[in-house]
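Please work through the exercises below with the sequence and the coordinates at hand. Each task is followed by a worked solution.

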Amino acid sequence: MRPFFLILLLLAVPPAFAQDSKKEIERYQRMIADSSPAELYELAGEAAWKKPQGPNKVSLERCDLGLGAGVVKGAYAQLPRYFKDADRVMDLETRLLHCMLTLQGRSREEATKRVYGNEDVASEMENLAAYIVGESRGAPMAAGDTHPKEKAAYALGKKLFFYRAGPWDFSCASCHGEKDKRIRMQDLPVLSSAAAGPSVATWPAYRVSSSQMKTMQWRLNDCYRQMRMPEPDFASDATIALALYLTVNGKGEPYRGPGTKR
Amino acid sequence: MKRVLFIIAIVLGACSSTPQRHFTDENDLREVQAVLKRDFHARGSATMARMESDAVQRACNLYDNAPPEELSKKLEAEQMAAIKFPDGSLMGDWKRGETIAQSGRGMQWNDGPKDVAGGSCYNCHQLALKEPSYGNIGPSLLGFGKLRGTSPEMQKYAYGRVYNSKAYSLCSQMPRLGHSGTLSEQQIKDVVAYLLDPQSPVNQ
Amino acid sequence: MAEPMKIRAVQKGDVTDVRVLMVHPMETGQRKDTSGNIVPTHFIQEVSVRLNGKSVLEGQISQAVSRNPVFSFRLKGAKVGDKIDIAWLDSKGERSQSDAVIA
Amino acid sequence: MNSLRRSTLQFAAALTAGLLLPLRALAAWNKDAFGAKTAADALKGLGVGASAESKDIVIDAPQIAENGAVVPIEITSNLTNTKSIVVVIEKNPFPLTAKFDFGEGALPYVKVNVKMGESSFVRVLAEAGGKFYSASKEVKVTIGGCGG
């Protein structure tokens, strides 16, 4: 990586072709967002939220997502955050899992058997996430960044973001660390900066290429797959720290998911 | 003129107070590595052995991809020494090279033993003009062979760069495709042909 | 009986904007499922839109329409409170019908 | 997708109230035209004759689509009394994609998401006043992600 000042002096301006194709791709993104089936997952998620399950035959309607038991409106925009009852920083999917275990009495093994769905049947977690995030539309994102454990998670997330590892020596920053970079035609936001805002504001998202609603845990999971790394544990501290790091970087961005992406 | 001075001012400012590095010392690196070993698990071909880090990764992590000069030189030389250059022509079949450059498969946990690995070249580089969907993380390689010719030295340079880019620029973002076992000797020769062969669309 | 559709019909001046979301895999017969065998073709072929029981639009579509189809239509001469019902028939003879009231 | 609560209620309500009119015979699906491998054969199958280029057919489609699975196409015909609109994606294995016949109460307008196998021209034909008109737009389909 060339030293910092050389990049500044080069002030490379992207060639004209890439410039207007960027505009065209943004138009495509607006068009698919207009006519997206994402709404179907929000509806299915609302049904799952209210469905009694587990040995206790209880729904998730008493689950506290941070704003009080059962409060869904605006809850996602304040995640990830520290939860006193679990003495742990949690993102949405980790918190949902917590409620499945504590309220519904389900086993961790059963509740995490199928956290990623496929194009025929979405997973319970994907439907729930679509519903809950939809209830934060318009709220400025404000993940927790004051509690000591939140600060520690942010610091860990940042180190994980820049740590190069694996057979291809990649870190997240290899692709998301420098402005105006693309993989093929895919623009790569600098997630270590405020430019993370528009990304964290539109995940979870319906992916047209796979006809599936995908969550943030999946997003991190699939990045590590393409970094040629082993698989991250679902709802592990490492994934939560990364999610918190990205979301705090994008603090203030109005949430507008679930998104619709290529 | 005023604007250029202004830019230089920023640059000097940026250099004098070197930004706080991401990792303070080797211990810091070990702590992050421990988290990765705790919170990840093997899947398919992606085993936990991939969590071990070598001297190159430690140097690039510790110094934010800009290690001191003599450390870089030392490690680059070690990486160069480890490259096995086949003898004879290093140019294979550019048609197979194009398929390798287009394919993003290889070394992922969902790549089966029968799946043929690719080089993911188009993810980061422009190569042939006829392929508009190219990345720009790496420099454009359009007309690489037309500009540089096909001398044995150039074949060796191209082969070495693909085999282990860190032998030339220690903290390059380009994967060590040969060193990591992603591409075979023949596949790297085919990529070299795609880059250098006058018939290749890269040079049309 | 297939999943019901999600219809939204909104009156804007003298035009009614109708947006319908259908649940259907729209299989082209070229996709492989997770265990690697080809999923046979299966897609909506006919779509019909009726206003107060009278047909206003008839569509024939192919497997090239995206999965979980989303259509937008515009009607004229309708008013708030009128009823729209949309029906589809697919290549396996499955049918679905949903209706909505113009808001 | 487990059951959709709100829509199901809507549907159930219609059933109970007996409002659900029997499904009339829908426009029969034109097997030959939709089975044609070329745009020309498909149009012949539909009985669509020679068409004149017309700016009164407005196609709003992305110039570049990051993925061919969902390409939103919005079509408006400003030709007076347009009877039908036909959508053809020339490079698709089966080019004929859709045919819409507009009755009294519908405007000649439709928006639909289509799949495109590769970059191709999207051709739209309209029948108005017994004549056929056409317009086309090119959509480039690119590879967005890491191709892995």
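The exercises that follow concern a predicted model.

**Exercise 1. Overall form of chain A**

Task: Determine what secondary structure chain A holds, and decide how its radius of gyration compares with the globule rule.

Solution.
- Step 1. Chain A contains eleven helices and eight strands.
- Step 2. Its radius of gyration is 19 Å, and the globule rule gives 18 Å for 262 residues; the two values are close, so chain A is as compact as a globular protein of that length.
- Step 3. The C-alpha trace of chain A extends over about 65 × 40 × 35 Å along its principal axes.
- Step 4. Of the 262 residues, 54% count as buried.
- Step 5. Among the contacts in chain A with a separation of 6 or more, 70% join residues 24 or more positions apart.

**Exercise 2. A helix pair in chain A**

Task: Classify the orientation of helix 7 and helix 11 of chain A, and describe the residues that meet.

Solution.
- Step 1. Two packed helices are described by the angle between their axes and the distance between the axes.
- Step 2. For helix 7 (residues 148–162) and helix 11 (residues 237–249) of chain A, the angle is about 95° and the axes are 7 Å apart.
- Step 3. Angles of 65 to 115 degrees count as roughly perpendicular; helix 7 and helix 11 of chain A are therefore roughly perpendicular to each other.
- Step 4. Helix 7 contributes residues including A:Ala153, A:Leu156, A:Leu160 and A:Phe161, while those from helix 11 include A:Ile240, A:Leu244 and A:Val248.
- Step 5. By class, this contact consists of twelve nonpolar, one polar and two charged residues.

**Exercise 3. Where chain A meets chain B**

Task: Establish how many residues each chain gives to the contact, and which strands pair across it.

Solution.
- Step 1. Chain A gives 36 residues and chain B gives 43 residues.
- Step 2. Elements of chain A that each supply at least two residues include helix 1 (4–10), helix 10 (216–226) and strand 7 (231–232).
- Step 3. Helix 7 of chain A gives the most to this side, with five residues.
- Step 4. The side of chain A that touches chain B has 20 nonpolar, four polar and twelve charged residues.
- Step 5. Strand 7 of chain A pairs with strand 1 (residues 40–41) of chain B in the antiparallel sense, over two bridges. Within this pairing, A:Glu231 has B:His41 as its bridge partner.

**Exercise 4. Strands of chain C and the contact with chain D**

Task: Trace the pairing from strand 1 to strand 2 and from strand 2 to strand 5 of chain C, then follow strand 5 to chain D.

Solution.
- Step 1. Strand 1 (residues 6–12) and strand 2 (residues 15–21) of chain C run antiparallel and are joined by seven bridges; C:Ile7 stands opposite C:Val20.
- Step 2. These strands form a hairpin with two residues between them, and C:Gly13 in the turn has a positive phi of about 65°.
- Step 3. Strand 2 of chain C is also joined to strand 5 of chain C by seven bridges, again antiparallel, with C:Phe73 as the bridge partner of C:Val18.
- Step 4. Strand 5 of chain C pairs antiparallel with strand 7 (residues 109–114) of chain D over two bridges, and C:Ser72 stands opposite D:Lys111.
- Step 5. In the chain contact, 40 residues of chain C touch 40 residues of chain D. Strand 4 of chain C gives the most to its side, with eight residues, and that side has 19 nonpolar, twelve polar and nine charged residues.

Conventions:
Residues numbered from 1 in each chain as written. Chains lettered and ligands numbered in written order. Predicted model: local features only at pLDDT ≥ 70, side-chain atom pairs only at ≥ 80, totals over all residues. Contact = placed C-beta atoms within 7 Å. Helix = DSSP H or I, 4+ residues; strand = E, 2+ residues; numbered from the N terminus. Nonpolar A, V, L, I, M, F, W, Y, C, P; charged D, E, K, R; others polar. Pairing = 2+ DSSP bridges. Rg over C-alpha atoms; globule rule 2.2 N^0.38 Å. Buried ≥ 20, exposed ≤ 12 C-beta atoms within 10 Å, placed from the backbone. Axes fitted to C-alpha atoms, helices over the stretch in contact; angles between N-to-C directions. Parallel < 35°, antiparallel > 145°, perpendicular 65-115°, else oblique.
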